[in-house]
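Me: Please take a close look at the salt bridges in this protein chain. I would like to know which side chains pair up and how open each partner is.

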Amino acid sequence: MLRGGARRDRRAYAGADRTGEDPLDAAQERRVRAVLALGGVPQADLLDGVQQVRLRLLERAASGREAPRDVSAWAAVVASNLAMDWHRAKRRQERLGERLASLRESAHPSGEETSLLSLAVAQGLDELPDAQRQVVILRFFADLPVRAIAEELGVPEGTVKSRLHTAVRALRERLHEDEVV
């Protein structure tokens, strides 16, 4: 037997994909935010996490699958999984940064000028947003074509090109500000 709140959750779920209703009520959204925050997701990323939970619930409803028995509990589990995914992505990014740092160290330093430029580029990369840093690394360090990057990331080629353009412009400005080039 469903509790009153769970029954209401299932009704909201059933109409969410057709009526445009928000599948998460305010209490559920607070719970999702709390699970994400307790899972270590930074404050700046909490809204994205809530949106991801909402999107997964809408996708589930649109696919015709049965509503979860308790939407609130289901949303909390999805939020917990998202927090774990966030940590995995962060660790991957850190490992990639360590590998790049080791490549920079083992590269043939041919003078003070080259070392200064490498350091400035590395610092500039560190300051880029994650999405921009990722495409720059994949394009220029891993030497992947734009099409392959788009396929791997699951985004349109135009998005990859836009991120590359914005990142390169930011790096160029950084190098000019630091008077490296």
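What follows goes through the salt bridges, then the charged surface and the chain around them.

Reply: A caution on the source comes before the details. This is a predicted model.

Start with the frame. The protein chain has 8 helices and 0 strands. Along the sequence the pattern reads α-α-α-α-α-α-α-α. The chain holds 181 residues, and 28% of them are buried. Its accessible surface is about 11,700 Å². Carbon and sulfur atoms account for 52% of that surface. Take the contacts between residues at least 6 apart in sequence: 62% of these join residues at least 24 apart.

Now the salt bridges. The whole structure contains 6 of them. Three pairs are described here, one after another.

Take E29 and R54. Their side chains form a salt bridge, with N to O at 2.7 Å. E29 sits in helix α2, which covers residues 26-38. R54 sits in helix α3, which covers residues 46-62. The two residues are 25 apart, and the pair links distant parts of the chain. How open is each partner? E29 is partly exposed, because its relative accessibility is 21% and the buried class ends under 20%. R54 falls on the other side of that cut-off: at 12% relative accessibility it counts as buried. This pair does not stand alone. R33 joins E29 and R54 in a network of salt bridges.

Next, R174 and E127. These side chains also meet in a salt bridge, 2.4 Å from N to O. R174 belongs to helix α8 (residues 157-177), and E127 belongs to helix α5 (residues 112-127). Here the partners are 47 residues apart, and again the pair links distant parts of the chain. Their exposure classes are opposite. R174 has 13% relative accessibility, so it counts as buried. E127 has 57%, so it counts as exposed. The cut-off for exposed is over 50%.

Then E157 and R147. The closest N and O atoms of this salt bridge are 3.3 Å apart. E157 lies in helix α8, while R147 lies in helix α7 (residues 146-153), so the pair ties together parts 10 residues apart in sequence. E157 is partly exposed, with a relative accessible area of 31%. R147 reaches 53% relative accessibility and therefore counts as exposed.

Look next at charge on the surface. R91, R92, R95 and R99 form a positive surface patch. R92 is placed in helix α4, residues 71-106. Its relative accessible area is 49%, so R92 is partly exposed. Why is R92 in a patch while the arginines described above are not? Patch residues need over 30% relative accessible area and no salt bridge. R54, R174 and R147 each take part in a salt bridge, so that rule leaves them out.

One more residue helps with orientation. D130 is placed in helix α6, residues 130-141. With 51% relative accessibility, D130 counts as exposed. D130 and Q93 are 37 residues apart in sequence. In space their C-alpha atoms are 8.5 Å apart.

To pull the bridges together: E29 with R54 connects helix α2 and helix α3. R174 with E127 connects helix α8 and helix α5. E157 with R147 connects helix α8 and helix α7.

Notes. Residues are numbered from 1 along each chain as its sequence is written. This is a predicted model: local features need pLDDT of at least 70, side-chain atom pairs count only at pLDDT 80 or more; totals for chains, interfaces and linings use all residues. Side-chain values use heavy atoms; hydrogens and water are left out. Patches are made of residues with over 30% relative accessible area and no salt bridge: like charges are joined within 9 Å, nonpolar side chains (Val, Leu, Ile, Met, Phe, Trp, Tyr) within 5 Å. Accessible areas come from the Shrake-Rupley method with a 1.4 Å probe; for residues, only the protein chains shown count as cover. A salt bridge is a side-chain nitrogen of Lys or Arg within 4 Å of a carboxyl oxygen of Asp or Glu. Lys and Arg count as positive and Asp and Glu as negative; His and the chain ends are not counted. The place of a charge is taken as NZ of Lys, CZ of Arg, CG of Asp or CD of Glu. Helices (H or I, at least four residues) and strands (E, at least two) are DSSP runs, numbered from the N terminus. Buried means under 20% relative accessible area, exposed over 50%, partly exposed in between (1.4 Å probe, protein chains only). Contact means heavy atoms within 4.5 Å.
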